[in-house]
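Me: I am new to this one and would like to know what lies behind the words people use for it. Could you show it to me first?

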Amino acid sequence: MTEAVTPSASTTLDSLAPLLRAWLPRQRWFAGKGRPVTGFTPVAVTQLLPRNSRLELYHVLLRVHQPPESAHPGDCYQLLIGAREALPPRLAPALIGHATQGPLAGRTVYDALYDRRPAEVLLEALRTGARVGGLRFERDPRQEIRPHLVARMLAAEQSNSSVVYGDTFILKLFRRVVPGVNPDLELPLALAREGCPRVPAPTAWLHTELDEQPYVLAVLQPFVSGAADGWELALRELAKGEDFTMEARALGRATAEVHTALARALPTVTLGPAQLGPLVDQMTERLAAAVQAVPALLPYEPGLRSAYTALAELAGGGRTWTAQRIHGDLHLGQCLRAPSGEWSLIDFEGEPARPPAERRLPQPTARDIAGMLRSFDYAACSASSAPARWAHDCRAAYCSGYAEVSGSDPRTDPVLLRAFETDKAVYEVVYEARHRPDWLPVPLSAIRRLAVSDPH
C-alpha cells in the first residue's frame with residue numbers, strides 16, 4: 001500500500017509506537033486480539049489542526065503487523081489521535097499514553113473521538129465538503145447540516161465507533177478499513193434513491209484513495225432520536241412479561257420493504273445448481289472447521305450436514321432461487337424503533353470478517369431472515385423467565401409480516417431457510433466458544449433442534 005505520510009508525521013507516529021503497541025489490543029474494535037503486535041506501518045497521516053497549538057489533531061491510517069506475517073499483510077486501522085499538555089478528567093477513558101520522545105514529547109496522547117472539539121472538526125469538514133491531504137469529505141447537497149452541533153461519543157459499539165451530533169446526525173467511523181466499495185454506504189444510498197424510508201439516507205461521508213483503490217472511512221446519517229434498538233426493546237418486553245409478536249410482525253414488514261427496494265435498485269441473479277454448489281460447499285466447509293474448533297458439535301454433525309445436502313439435492317432436481325443484495329448481518333440489534341413505532345434497519349456493513357467482494361455478492365433473502373430468526377432465539381435464551389413459546393411466536397409473526405409485504409412467506413421454502421439458519425447457528429457456536437463461553441448453550445440449543453429438523 002502506498003505510504004502517504006510526510007516525514008514529520010511519520011516521525012510523530014514512530015514516536016507513538018510504544019504507546020500504540022500497548023493501547024490498540026485493549027480496544028473493543030481491535031480485530032487481532034490474542035496475537036502480539038510486532039510492528040506498525042504508517043499508511044497515511046493527515047494533520048487536521050495546526051501543530052504546536054493547545055490541541056494537536058492527527059487522522060491516522062495505520063497498518064498493524066501481527067504473526068503470522070507471511071500469511072497476512074496486517075490489518076489497516078483508522079485512528080483520530082489528539083495531543084494535549086494535560087488531559088482533563090472527562091477524557092481519562094480515552095488516554096493512549098504520555099509521549100516521552102519525538103515531536104510530541106511531554107504531551108498526553110489520546111483517542112480524540114471522545115473529545116467534543118476534534119469530533120466537531122470532522123463534522124465541519126463534512127459540512128463544508130473539505131479536502132485535507134488525501135481525505136475527501138463529501139455530502140449530499142440536498143440535505144442540510146447545521147454548524148456547531150454538539151458531539152458525543154457512543155460507548156456501545158464493538159467493531160466501529162460512532163459519534164452523535166446534537167441528536168441530529170450520527171457519524172459511524174470504521175476502525176478496521178479495507179479497500180473497495182463499502183456496502184454500508186452503497187446500500188443506504190441505493191435505498192435512498194428508491195425512496196425507501198426504512199433506512200436513514202447518508203448525509204455525508206469521508207473517503208480516500210490509496211493505490212488507486214477507494215476506502216470509505218466514515219458515514220454520516222440522520223440520528224433517529226429517542227429510538228430503541230430491537231435487542232434492548234425485546235429484552236425489556238421480556239422482563240415485563242409483555243408480548244412482542246406485534247413488534248416482530250412489524251419488523252418482518254420492514255425487512256420485506258428493504259428487500260423489495262434493494263431488488264428494484266440493484267441487479268438480481270438466478271441461482272441454479274451451478275451457483276448453489278459452491279454455496280453449499282462453503283457451508284459444509286464452515287461446519288467441518290467448526291466441529292474441529294468446538295468438539296461439542298461433533299454428535300450433531302451428520303444432522304447438520306443433512307441441512308446442506310437437502311439444499312443441494314433440491315438444486316440438483318432443477319429448483320432455482322433468486323439472489324439479490326441483502327443486509328448480510330441482520331439481527332435485532334441492527335433494527336431501530338422510533339418513538340412513532342416505525343422500524344428502521346441500520347448497519348449494512350455485513351459481517352466485517354468477510355472480504356468486501358464477498359459481502360457484496362447477491363444472496364437469497366433467506367439469509368437475512370434466518371439471522372433474525374436466530375436473534376429471537378437469542379433474546380428468549382437471554383431472559384431469565386421467557387415464556388416457552390416466546391421465540392416460536394415471534395418467529396412466526398416475523399415471517400407473517402414479511403409475507404404481508406413481499407407476497408412470499410419464508411416458511412414455504414423450509415429447506416433453504418433451514419440451511420441458512422444452520423449455517424448461522426454454526427457460526428454462533430464458534431463465536432461464543434471463542435469470545436463468550438457462558439453464551440455457548442444458546443446456539444447449542446438451536447443446533448440440537450436444527451440437527452433433527454425434518455422440513456419435509
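Me: Which residues lie nearest the centre of the largest cavity, and how many residues line it?

Reply: Happy to help, and please keep in mind that this is a predicted model. The lining of the largest cavity has 16 residues, and Ile326, His327, Gly328, Gly350 and Arg359 lie nearest the centre. Helix H3 (183-193) and helix H8 (356-359) each give at least two residues to that lining.

Me: Why is this space called a cavity?

Reply: The word cavity is used because a 1.4 Å probe fits there but cannot get out. The largest cavity has a volume of about 100 Å³. By the rule applied here, there are three cavities of 30 Å³ or more.

Me: What makes up the lining of the largest cavity, by class?

Reply: Five of its residues are nonpolar, four are polar and seven are charged.

Me: What lines the second largest cavity, and what classes do those residues fall into?

Reply: Its lining consists of Arg35, Val64, His65, Gln66, His72, Pro73, Gly74 and Asp75. Two are nonpolar, four polar and two charged. Gly is counted as polar, so Gly74 belongs with the polar residues of this lining. The space inside comes to about 50 Å³.

Me: How do you know that strand S9 and strand S10 pair?

Reply: Two strands pair if there are at least two bridges between them. Six bridges join S9 (residues 160-165) to S10 (residues 169-174), so the two count as paired, and they run antiparallel. In one of these links, Ser161 has Leu173 of S10 as its bridge partner.

Me: Why do strand S6 and strand S8 count as edges of their sheet?

Reply: That open sheet has seven strands in the order S6-S7-S12-S13-S10-S9-S8, with antiparallel pairing. S6 (131-132) and S8 (151-153) each have a single partner strand, so one side of each has no neighbour in the sheet.

Me: Which helices lie across strands S10, S12 and S13?

Reply: Helix H2 (residues 116-128) lies across S7, S8, S9, S10, S12 and S13, at about 65° to S7. Helix H3 lies across S10, S12 and S13, at about 55° to S13.

Me: What makes the residues of strand S5 buried?

Reply: Buried means under 20% relative accessible area. Thr108 and Tyr110 point one way from S5 (residues 108-111), Val109 and Asp111 point the other way, and all are buried. S5 also has antiparallel pairing with strand S4 (residues 95-98) over three bridges, where Gly97 stands opposite Val109.

Definitions and conventions. Residues numbered from 1 in each chain as written. Predicted model: local features only at pLDDT ≥ 70, side-chain atom pairs only at ≥ 80, totals over all residues. Heavy atoms only, no water. 1 Å grid on protein atoms, 1.4 Å probe; cavity = no way out; pocket = protein on both sides within 12 Å on 5 of 7 lines; lining within 4 Å. Points joined across faces, edges and corners; volume = space filled by probe spheres on them. Helix = DSSP H or I, 4+ residues; strand = E, 2+ residues; numbered from the N terminus. Contact = heavy atoms within 4.5 Å. Axes fitted to C-alpha atoms, helices over the stretch in contact; angles between N-to-C directions. Buried < 20%, exposed > 50% of the residue type's maximum accessible area, 1.4 Å probe, protein only.
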